[in-house]
Amino acid sequence: MFGAFGDAFRLPDLKRRILFSMAVLFIFRLGAHIPTPGLNAGVLSEAFGGGGFMDFLNIFSGGALSRFSIFSLGVAPYINSSIVMQLMVVIFPYLEKLQKDNEEGRKKIIQWTRYGAVFFAVVQAVGLTSWLGSGGALSGGFLGSILVVTTLTAGSVAVMWLGEEISDHGIGNGISMMIFAGIVVRIPGAIIDIFTSLRQGETNVLAVLAFLFLVMVVVAGCIILQEGQRRLPVQYAKRVVGNKIYGGQSTFIPLKVNQAGVIPIIFASSLLIFPYSVANMFGDNSVANFFRTIFSQTHLVYMLCYVGLIVFFSYFYTAVVFNPNDIANNMKKHGGFILGIRPGQPTADYITKVMERITLGGAVLLAIIALIPNLMSMSMRAQIFYFGGTAVLIVVGVALDTVRQIEAQLLMRHYDGILKKSGGKAGSLLRT
């Protein structure tokens with residue numbers, strides 16, 4: 001595996017992409033330590049450390065929220081805007097035509113997504129600023145509030161731009177890489193906190209062992225979801241062209257159990273941030289406190305919404321990226337067919353039915369894995385389990401996707417892939 005990574009740095013273009021991504025992530029981490037002016041850091045620190053919803057947002061921002069840096073909002077506004085725009089593309093035929101017709105149409109949709117990200121950033125910045133004002137952490141009055149809202153919105157736009165730069169000129173999906181970097185940098189601190197809790201007697205060895213086992217289960221489950229597939233056998237009829245015979249071979253269509261990857265987790269988590277931000281806009285009253293309570297991570301309403309959104313986005317994103325009609329038409333054009341299924345529309349209907357079944361199983365398993373740490377935290381009252389669910393799922397999923405992109409670049413240039421070179425049982429598992 002290390003030899004394969006060495007091969008990646010021998011290729012000038014791939015090396016440039018990797019180094020560019022690392023440089024952008026360094027800028028992102030640097031911005032996460034630049035404080036927003038006009039805030040009382042001492043008052044802010046009291047809102048974190050209890051394992052509540054603010055700690056959840058803090059993990060997504062890589063610790064930027066607890067410092068209330070200029071990147072406190074992170075990628076959440078852009079993700080919320082992307083969700084809304086993708087839903088609108090499905091609902092409105094005009095937007096669907098724009099997306100499919102030409103490059104100019106897709107550029108328009110991307111531009112509208114950016115405008116939407118600015119809107120969501122303003123809403124979340126106003127909600128966050130109102131919450132800070134009610135907690136006594138904000139100074140400067142009305143002008144101070146305007147300064148904070150402007151700074152947080154500008155920081156969110158900068159994060160959006162950095163993510164797009166990684167997607168265009170680096171390696172991996174830029175927004176996912178931002179979330180990945182924000183989570184990974186907190187792992188050393190989480191390990192130190194665990195050992196500190198052990199030394200002070202706040203956590204016992206059994207809880208730590210259960211936490212490690214939990215992380216292994218989540219990692220294994222995520223790999224199985226990412227790599228698991230249902231293979232539909234396809235037979236191609238023989239064709240005689242001149243003096244040569246073409247076709248006649250058997251192959252398969254790989255249908256991934258989790259076609260959407262970690263996108264449902266990211267979308268569901270980001271969408272549930274929005275109600276909390278809106279509730280903060282109304283200060284400290286009974287209605288706002290009610291919404292803050294039901295959208296806390298350990299509340300039943302939150303968990304039901306979380307599971308429902310994961311299942312919904314699993315189906316939604318699969319429908320966006322996977323088109324059974326195109327597959328069926330291509331098979332028919334080249335003389336391919338599934339045994340017992342007529343070519344054309346019956347084949348597309350059959351593929352759709354199989355895809356719906358395996359997507360449901362993958363979505364439910366994804367939701368269960370994401371909720372395990374929350375349930376363990378409630379039953380054992382140990383906050384160390386909080387770090388192991390959504391965070392580990394995103395880290396493993398993004399790492400696999402990024403490694404797969406690097407592997408594709410290596411194989412295109414006739415190098416051995418990373419997963420192939422890793423060898424052993426782990427390599428066999430990833431190649432299955």
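Is Asp-13 buried, partly exposed or exposed? Asp-13 is partly exposed, because its relative accessibility is 30%. Here buried means under 20% relative accessible area, exposed means over 50%, and partly exposed lies in between, using a 1.4 Å probe and protein chains only. Accessible areas come from the Shrake-Rupley method with a 1.4 Å probe, and for residues only the protein chains shown count as cover.

The structure is a predicted model, in which local features need pLDDT of at least 70 and side-chain atom pairs count only at pLDDT 80 or more, while totals for chains, interfaces and linings use all residues. Residues are numbered from 1 along each chain as its sequence is written, and side-chain values use heavy atoms, with hydrogens and water left out.

The whole chain comes first. Its secondary structure comes to 20 helices and five strands. Helices (H or I, at least four residues) and strands (E, at least two) are DSSP runs, numbered from the N terminus. The chain has 432 residues, and 46% of them are buried. About 21400 Å² of the chain is exposed, and carbon and sulfur atoms supply 66% of that area. A contact means heavy atoms within 4.5 Å. Among the contacts in the chain with a separation of 6 or more, 73% are between residues 24 or more positions apart.

The charged residues come next. Side chains of opposite charge can pair when their charged atoms come close. A salt bridge is a side-chain nitrogen of Lys or Arg within 4 Å of a carboxyl oxygen of Asp or Glu. A search of the whole structure finds four salt bridges. One of them joins Arg-16 to Asp-13, with the closest N and O atoms 3.1 Å apart. Arg-16 and Asp-13 are separated by about one helical turn, because they are three residues apart in helix 2 (residues 12–31). Asp-13 also forms a salt bridge with Arg-17, where the closest N and O atoms are 3.8 Å apart. Asp-13 and Arg-17 are four residues apart in helix 2, so about one helical turn separates this pair. Arg-16 has 44% relative accessibility and therefore counts as partly exposed. Arg-17, at 21%, also counts as partly exposed.

Another salt bridge lies in helix 18 (residues 390–412), which holds both Arg-404 and Asp-401. The closest N and O atoms of Arg-404 and Asp-401 are 3.0 Å apart. These two residues are three positions apart, about one turn of the helix. Arg-404 is partly exposed at 28% relative accessibility, and Asp-401 is partly exposed at 28%. Back in helix 2, salt bridges that share partners join Asp-13, Arg-16 and Arg-17 into one network.

Which residues make the nonpolar surface patch of about 570 Å²? The patch is made by Val-84, Met-88, Val-90, Ile-91, Phe-92, Val-320 and Val-321. Patches are made of residues with over 30% relative accessible area and no salt bridge; like charges are joined within 9 Å, and nonpolar side chains (Val, Leu, Ile, Met, Phe, Trp, Tyr) within 5 Å. Helix 6 (76–91) and helix 15 (300–321) each supply at least two residues of the nonpolar patch. The largest share, four residues, comes from helix 6. Phe-92 lies in the loop between helix 6 and helix 7 (93–101). Phe-92 counts as partly exposed because its relative accessible area is 42%.

Val-320 lies in helix 15 and is partly exposed, at 42% relative accessibility. Val-320 and Gln-86 are 234 residues apart in sequence, but their C-alpha atoms are 8.5 Å apart in space. Thr-318 also lies in helix 15. Is Thr-318 buried or exposed? Thr-318 is buried, because its relative accessible area is 6%. Not counting residues up to four places away in sequence, Thr-318 touches Gln-259, Ala-260, Phe-313, Met-355 and Thr-359.

Ser-72 lies in the loop between helix 5 (64–67) and helix 6. At 4% relative accessibility, Ser-72 counts as buried. A polar atom of its side chain lies 2.6 Å from the backbone oxygen of Ser-69.

Helix 11 (residues 187–200) has 14 residues. From first C-alpha to last, helix 11 reaches 20 Å, close to the 20 Å expected at 1.5 Å a residue. The expected span is 1.5 Å times one less than the number of residues in the helix. After helix 11 comes Gly-201, whose phi is positive, near 80 degrees.

Conventions: A polar contact is a pair of N or O atoms within 3.5 Å; within protein, one must be able to donate a hydrogen and the other to accept it, and residues adjacent in sequence count only if both atoms are side-chain atoms.
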